[in-house]
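Trainee: I should like to study a protein model by asking about it step by step. May we look at it together?

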Amino acid sequence: VNEITGQAFNVPVILYQLSYRAQEYTSVPLSQLDVVQKVPNFYLASPTYHMPYNPSDNVHLTSVGYKWLGAYYGRVYKNIISGAPGPSREHPWWLNPVSATLTGTTLTLTLDVPKLPLVLDTTNLAATTDNGFRVVDSGGTVSITSMSVSDNTVVIELGVAPVGATTLNYGFDYMGTGLEMNMGGPGNLRDSTDDVITIDGSDYPMFHVCPNFKLPVITLGV
């Protein structure tokens, strides 16, 4: 891009994470998350599973949805042009999954969080099976018996200890109640950011919702 435009500075790229058909084309949202985590000057505005989709095709957002998404872009852009320090573990610009560890039947997900604490929200986010999480081991799905949040962690209690290589999925396996989004991947995890955008007289929350991810689970101890 620099060569084409002649700009001397590194051109920032702001992405949203695709939620439409996330269950089918998992590599797309995973690649979008991967690039913002690893490549400087790439930034995540937001996933889109919490925004309204047009019921005529269940693919595109409504006009309100696109304006809402634009506000997420604007917030990132403001950080860039104001010279704010780049996103870091101490001051992340988006809700970022870091690690998943297992001790016995207790799985702990740790995230970098823009504003603590984490929230499992079934009021503002469509209620989803197991809040959008799924644990998969060598034998398939591992049952989840309970889930809780504390500051920057999600603690998931499993029905049995996983066997073999284990993965923690979020936003790839279940559809949220009442959502009109073709094969989308929602969930119920967000931070406590209290920004609001007003669109056509109605307020819409600007909290950071968790991006779709798949993390390898690291077993601690014996």
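The questions below concern the sheet, the cavity and the pockets of this predicted model.

Trainee: Which strands form the edges of the open sheet of 8 strands?

Mentor: The open sheet of 8 strands follows the order 7-6-10-14-3-4-9-8, with mixed pairing. An edge strand pairs on one side only. The two strands that do so are strand 7 (140–142) and strand 8 (144–150).

Trainee: By how many degrees are neighbouring strands of this sheet turned against each other on average?

Mentor: The value is an average over neighbouring strands, with direction ignored. Stated in that way, the turn is 30°.

Trainee: Which residue of strand 9 stands opposite Thr108?

Mentor: Strand 4 (residues 106–112) pairs with strand 9 (residues 153–158) in the antiparallel sense, over 5 bridges. Opposite Thr108, in strand 9, stands Val155.

Trainee: At what angle does helix 2 run to strand 3?

Mentor: Helix 2 (residues 27–38) lies across two strands, namely strand 3 (96–103) and strand 14 (213–219). With respect to strand 3, the angle of helix 2 is about 105°.

Trainee: Which strand gives the most to the lining of the largest cavity?

Mentor: The structure holds 1 cavity of 30 Å³ or more, and the largest cavity has about 40 Å³ of space. Its lining consists of Leu44, Ala45, Ser46, Pro47, Tyr72, Trp94, Phe207, His208 and Val209. By class, 7 of these are nonpolar and 2 are polar, with no charged residues. The greatest contribution, 4 residues, comes from strand 2 (residues 42–47).

Trainee: Which element supplies the largest share of the lining of the largest pocket?

Mentor: The largest pocket has a volume of about 230 Å³, and among the 17 residues that line it, the closest to its centre are Val36, Gln37, Pro87, Ser88 and Trp94. The lining divides into 9 nonpolar, 5 polar and 3 charged residues. Helix 2 and strand 2 each supply at least two residues. The largest share, at 3 residues, is that of helix 2.

Trainee: How many charged residues are in the lining of the second largest pocket?

Mentor: The second largest pocket holds about 160 Å³ of space. It is lined by 13 residues, of which Arg75, Pro114, Thr193, Asp195 and His208 are the closest to its centre. Helix 3 (residues 63–81) gives the most to this lining, with 4 residues. By class, the lining has 6 nonpolar and 3 polar residues, and the number of charged residues is 4.

Conventions
Residues are numbered from 1 along each chain as its sequence is written. This is a predicted model: local features need pLDDT of at least 70, side-chain atom pairs count only at pLDDT 80 or more; totals for chains, interfaces and linings use all residues. Side-chain values use heavy atoms; hydrogens and water are left out. Two strands pair if DSSP finds at least two bridges between them. Axes are lines fitted to C-alpha atoms, for helices over the stretch in contact, and angles run from 0 to 180 degrees between N-to-C directions. Contact means heavy atoms within 4.5 Å. On a 1 Å grid over the protein atoms alone, a cavity is a set of points where a 1.4 Å probe fits but cannot get out, and a pocket is an open set with protein on both sides within 12 Å along at least five of seven lines; lining residues have an atom within 4 Å of a point. Grid points are joined across faces, edges and corners, and a volume is the space filled by probe spheres set on the points. Ala, Val, Leu, Ile, Met, Phe, Trp, Tyr, Cys and Pro count as nonpolar, Asp, Glu, Lys and Arg as charged, and the others, Gly among them, as polar.
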